[in-house]
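Here is a walk through one protein chain, from its overall make-up down to single side-chain contacts. Have the viewer open while you read.

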Amino acid sequence: MAYYEAGVAGHGAGARSVATSLSPAQAGFAEVGGKASEYDTHAVVYYEGDPARRLYELVRGSLMLYKLLPDGRRQVVEVLRPGDIFGLANGDEHDCTAETLTKSLVQEIDLRKVERSEELQKSLTKCLTNQMRALHEHAVLLGRKSAVERVASFLMHMVPDRGGVGCVGPADEDNDGFDLQLHMTRQEIADYLGLTIETVSRVVSELKRRGVIRVDKADKIHLNKVCGLCQMTGMH
């Protein structure tokens, strides 16, 4: 099963500078000289090895960061959501490629301007701390979890306010379903979870057989019982 047919990515293709109205929380970069750009689905924001001169914030949409091995194998290292900051490099070049998964709005700012803004530095520290925690969880997923636990964890990651620390469970145990809209191809999901396409398909079929999920369309999955899926993530 394929979730979306990926378009052909091109550096800067599908990117448009826009003048848009942002909320006060989203306007941090703009207030210090940043600019907003809209990107089409599967457009590359920057490639691995490009000069790292700017910092980016995902305002709307979804985006993945990935690394390529010399033989063409790919590892998706992070899937970003609105509010996430990316593009901070340890050296002069980006260590991964940033590519949109959906139409996205991205703000960018020159790194030198970040160094002069104490408020932006505070926001950056908070955001990167949250992303570091997510990366630690992903390291556990890749290193210790089974295929079923990986796919279950991936699906739970897309359910707002459920499954994490402090989750209080469903408001109604008899009505604990949730509809997911998938924005990643089967290959992208496999690359993110460190699995093969065939294994992802097999696990999805197994979850269907167990009655945990229902596949309504190629890109739409209904979780029949969120708590039941959460119990399969290996975190309980």
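What follows starts with the whole chain, moves on to strand pairing, and ends with charged and aromatic side chains.

**The chain as a whole**

Keep in mind that this is a predicted model. The chain holds seven helices and twelve strands. It has 236 residues, and 42% of them count as buried. How much of the contact map is long-range? Take contacts between residues at least 6 apart in sequence: 75% of these join residues at least 24 apart.

**A three-stranded open sheet**

Let's begin with the sheet made of three strands, which is open and runs in the order E10-E12-E11, with antiparallel pairing. E10 (178–181) and E11 (213–217) are the edge strands; each has a single partner strand, so one side of each lacks a neighbour in the sheet. On average, neighbouring strands here are turned by 25° against each other, direction ignored.

Zooming in on one of the pairings, E10 and E12 (residues 220–223) run antiparallel and are joined by four bridges. If you want a place to look, aspartate 179 has histidine 222 of E12 as its bridge partner.

**The E5–E6 hairpin**

Next up is a hairpin elsewhere in the chain. Strand E5 (residues 63–68) pairs with E6 in the antiparallel sense, over six bridges. Methionine 64 has valine 79 in E6 as its bridge partner. Five residues lie between the two strands of this hairpin, and glycine 72 takes a positive phi near 100° there.

E6 also brings us to arginine 74, a residue worth a closer look. Its charged end sits over the ring of tyrosine 66, 5.3 Å from the ring centre. Arginine 74 also forms a salt bridge with aspartate 191, with the closest N and O atoms 2.7 Å apart. Arginine 74 belongs to strand E6 (residues 74–80) and aspartate 191 to helix H5 (residues 186–193), so this pair ties together parts that are 117 residues apart in sequence. Are the two partners buried or exposed? Arginine 74 is partly exposed, at 21% relative accessibility, while aspartate 191 is buried, at 10%.

**Other salt bridges**

In general, side chains of opposite charge can pair when their charged atoms come close. This structure has ten salt bridges. Three of them are set side by side here, including the one just described.

| Salt bridge | Closest N to O |
|---|---|
| Arginine 60 – glutamate 38 | 3.5 Å |
| Arginine 74 – aspartate 191 | 2.7 Å |
| Arginine 209 – glutamate 206 | 2.7 Å |

What does the bridge between arginine 60 and glutamate 38 tie together? Arginine 60 is in strand E4 (residues 54–60) and glutamate 38 in strand E2 (residues 35–39), so the pair connects parts that are 22 residues apart in sequence. Arginine 60 is partly exposed, with a relative accessible area of 45%. Glutamate 38 counts as partly exposed too, at 24% relative accessibility.

The bridge between arginine 209 and glutamate 206 is a local affair. Both residues lie in helix H6 (residues 197–209), three residues apart, which is about one turn of the helix. Arginine 209 is exposed, with a relative accessible area of 61%. Glutamate 206 comes out as partly exposed, at 21% relative accessibility. There's a third member to add to the picture: Glu206, Arg209 and Arg210 are linked in a network of salt bridges.

**Aromatic pairs**

Last come the rings. A pair of aromatic rings is described by the distance of the centres and the angle of the planes. The structure holds four aromatic pairs. One of them is formed by tyrosine 46 and tyrosine 56, and this pair is tilted: the centres are 5.4 Å apart and the planes are at 40°. It links distant parts of the chain, with tyrosine 46 in strand E3 (residues 44–46) and tyrosine 56 in strand E4, ten residues apart.

How accessible are these two tyrosines? Tyrosine 46 is buried, with a relative accessible area of 3%. Tyrosine 56 is buried as well, at 7%, and the cut-off for that label is under 20%. The pair is part of a wider group: ring pairs link Tyr46, Tyr56 and Phe86 into a cluster.

Terms used
Residues are numbered from 1 along each chain as its sequence is written. This is a predicted model: local features need pLDDT of at least 70, side-chain atom pairs count only at pLDDT 80 or more; totals for chains, interfaces and linings use all residues. Side-chain values use heavy atoms; hydrogens and water are left out. Two strands pair if DSSP finds at least two bridges between them. Axes are lines fitted to C-alpha atoms, for helices over the stretch in contact, and angles run from 0 to 180 degrees between N-to-C directions. A salt bridge is a side-chain nitrogen of Lys or Arg within 4 Å of a carboxyl oxygen of Asp or Glu. Buried means under 20% relative accessible area, exposed over 50%, partly exposed in between (1.4 Å probe, protein chains only). Rings of Phe, Tyr and Trp (its six-membered ring) pair if their centres lie within 6.5 Å; planes under 30 degrees apart count as stacked, over 60 as edge-to-face and the rest as tilted. A charge sits over a ring if NZ of Lys or CZ of Arg is within 6 Å of the ring centre and within 35 degrees of the ring normal. Contact means heavy atoms within 4.5 Å.
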